[in-house]
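Reader: I am new to this structure and would like to see how its labels are earned. Could you take me through the reasoning?

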Amino acid sequence: MTKPVTFAICGCGNRGLQAYAPYQTKHPEIMQIVAGADNRPERLAMLRESYGVAEDKCFASAEELLEQPKLADVLIIATQDRQHVPQALKALEKGYHLLVEKPISPSLDECRQLLEKAHETKRAVVVCHVLRYTKFYAALESMLRRGDIGKIQTIDAVEHVGYWHYAHSFVRGNWRRSEETSPMILAKSCHDMDILRWLAGEKCVRVQSFGALDHFRAENAPEGAALRCMDGCACRDKCLYDAEKLYIESPRCGVRRFGDNWPCNVLVREPTEEKIREVLRTSPYGRCVYHCDNNVVDHQTVSLEFENNIHATFTMTAFTELCRRTIRITGTLGEIEGDMAENKFILRRFGQPEEVIDLKAVTSEFSGHGGGDGGLMENFCQLIANGGTEGLTSVDASVESHVMALAAEASRVNGGKTVVLDEFQG
Ligand SMILES: NC(=O)c1ccc[n+]([C@@H]2O[C@H](COP(=O)([O-])OP(=O)(O)OC[C@H]3O[C@@H](n4cnc5c(N)ncnc54)[C@H](O)[C@@H]3O)[C@@H](O)[C@H]2O)c1
């Protein structure tokens, strides 16, 4: 490779600056960030300070950046869910290749518009389905394609969101209201729909889904709960979700253990205990989890049928200690159980001793979505440098995962009615 691929970033928030930009620090020979846009001046300051982007290439909005002549080979779109497609369409017209955060959009029409424009302009458009780039799912897919368990019959996948992660993102945080961002099954689990489609190897034909927002509701608030944790709430000692407990003390997400990392750095730049306490007095993250304006489900199940007669189930639940994904696949010759937190599989070929496959023995690249964030950047930079347009996954496949998620949501809100995907897409 002779010169680095140049990048502009629209939306220098958690994903733009914490998931993708750091690839430049590791691989300056492959990636160079030359421009960025965000409506928060402090995020643009971080872009300048950490990545050396010139002041006159920092813009107050994606729209302003897109008014300029083309500034880079690639545009990363890491703004909020409902902003992606209008920005992406404009960027494709300008000639950028795109790395677009998932979900593409909660509107099926907008997903289709992006698909059409990507084909028309012949630019690379990669949606950030980071799980495809993890060692875990890559190893699983290889085992299945190799036929280790024969023809696949069933897949059962579970997304354990983690009680504290759910409270942070889906009760107090950005993704708490489906009409402002996306329904939960799209926001969090379009990754899982994408993985199920990839592993099944054929199209999904029918889905059925149930789910509800059961727990994080006002009627479940303990007696005496205040509207904000720091306002002398009488229930603090017993409450799992007390904001100070979570963001300061928790071994899962507190600043004492995680310092300047997600999720505390979403609350405040360079978080300390003092800064967190201060911000919790007024920020949405200091609200009582039973008195928020959230409406997305806290658990949901989906049943899926694929063209090749594979049947799958998927469960998303807030109510788990760890954030992880687990999967169990049965086939005509054996079965596989996998745990992404452990990066481990148990392979049972029928009639033979079981085999434990521990990916930790072969790699240590598991940071950022199990290594998916870095893997995606590596694959994408190579793709652009080599003049390709289709990497490990295509925008067509990404749209399919979104159709599955939106169809599941349509089923859920209709009391679990079966949705035929061909009819749903019209
Ligand atoms: N691939 C994944 O696994 C994954 C994980 C988490 C989130 N996401 C998705 O990534 C996207 C970004 O999420 P995030 O956690 O980084 O959110 P964030 O709020 O931290 O970042 C979004 C940024 O966009 C900026 N912004 C808003 N309007 C803008 C505009 N008009 N022009 C330029 N910047 C603007 C905001 O100021 C903010 O800094 C969302 O769509 C989210 O659903 C993907």
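Reader: What makes the residues of the largest nonpolar core a core?

Author: Happily, this can be set against the rule. In this predicted model, the largest nonpolar core has 107 residues. A core is a set of buried nonpolar residues joined through side-chain atoms within 4.5 Å, so each of these members, including Leu75, Leu98, Leu140, Tyr166 and Leu304, is buried. Those five touch the most other members. Among the elements, helix 17 gives the most to this core, with 8 residues.

Reader: How do you know which residues Leu98 is in contact with, leaving aside its neighbours within four places in sequence?

Author: Contact means heavy atoms within 4.5 Å, so the residues that count for Leu98 are Leu75, Ile77, Ala88, Ala91, Leu92, Leu114, Ala124, Val125, Val126 and Phe380.

Reader: Why is the set with Leu17, Leu44, Ala78 and Tyr133 called another core?

Author: That set, of 33 residues, lies apart from the largest core. Cores are joined through side-chain atoms within 4.5 Å, so a set without such a link to the largest core is listed on its own.

Reader: Why are 2 spaces called cavities?

Author: A cavity is where a 1.4 Å probe fits but cannot get out, so the name says that these spaces are closed to that probe. The count comes to 2 cavities of 30 Å³ or more. The largest cavity has a volume of about 80 Å³, and of its 14 lining residues, Cys229, Cys233, Cys239, Asp242 and Cys288 are the closest to its centre. The second largest cavity holds about 60 Å³.

Reader: What makes up the lining of the largest cavity by class?

Author: It has 11 nonpolar, no polar and 3 charged residues. Cys counts as nonpolar and Asp as charged, so Cys229 and Asp242 fall in separate classes.

Reader: Which residues line the second largest cavity?

Author: They are Tyr137, Ala157, Val158, Glu159, Asp192, Ile195, Leu196, Arg325, Thr326 and Ile327. Strand 7 (152-160), helix 10 (190-200) and strand 11 (324-331) each give two or more of them. Glu, Asp and Arg count as charged, so Glu159, Asp192 and Arg325 are the 3 charged residues in this lining.

Reader: Why is the second largest pocket, of about 280 Å³, not called a cavity?

Author: A pocket is an open set of points, whereas the probe cannot get out of a cavity, so the name pocket tells you that this space is open. Its lining has 15 residues, with Lys203, Cys204, Glu400, Asp422 and Gln425 nearest its centre. Helix 17 gives the most, with 5 residues, and by class the lining has 8 nonpolar, 1 polar and 6 charged residues.

Note on methods: Residues numbered from 1 in each chain as written. Predicted model: local features only at pLDDT ≥ 70, side-chain atom pairs only at ≥ 80, totals over all residues. Heavy atoms only, no water. 1 Å grid on protein atoms, 1.4 Å probe; cavity = no way out; pocket = protein on both sides within 12 Å on 5 of 7 lines; lining within 4 Å. Helix = DSSP H or I, 4+ residues; strand = E, 2+ residues; numbered from the N terminus. Points joined across faces, edges and corners; volume = space filled by probe spheres on them. Buried < 20%, exposed > 50% of the residue type's maximum accessible area, 1.4 Å probe, protein only.
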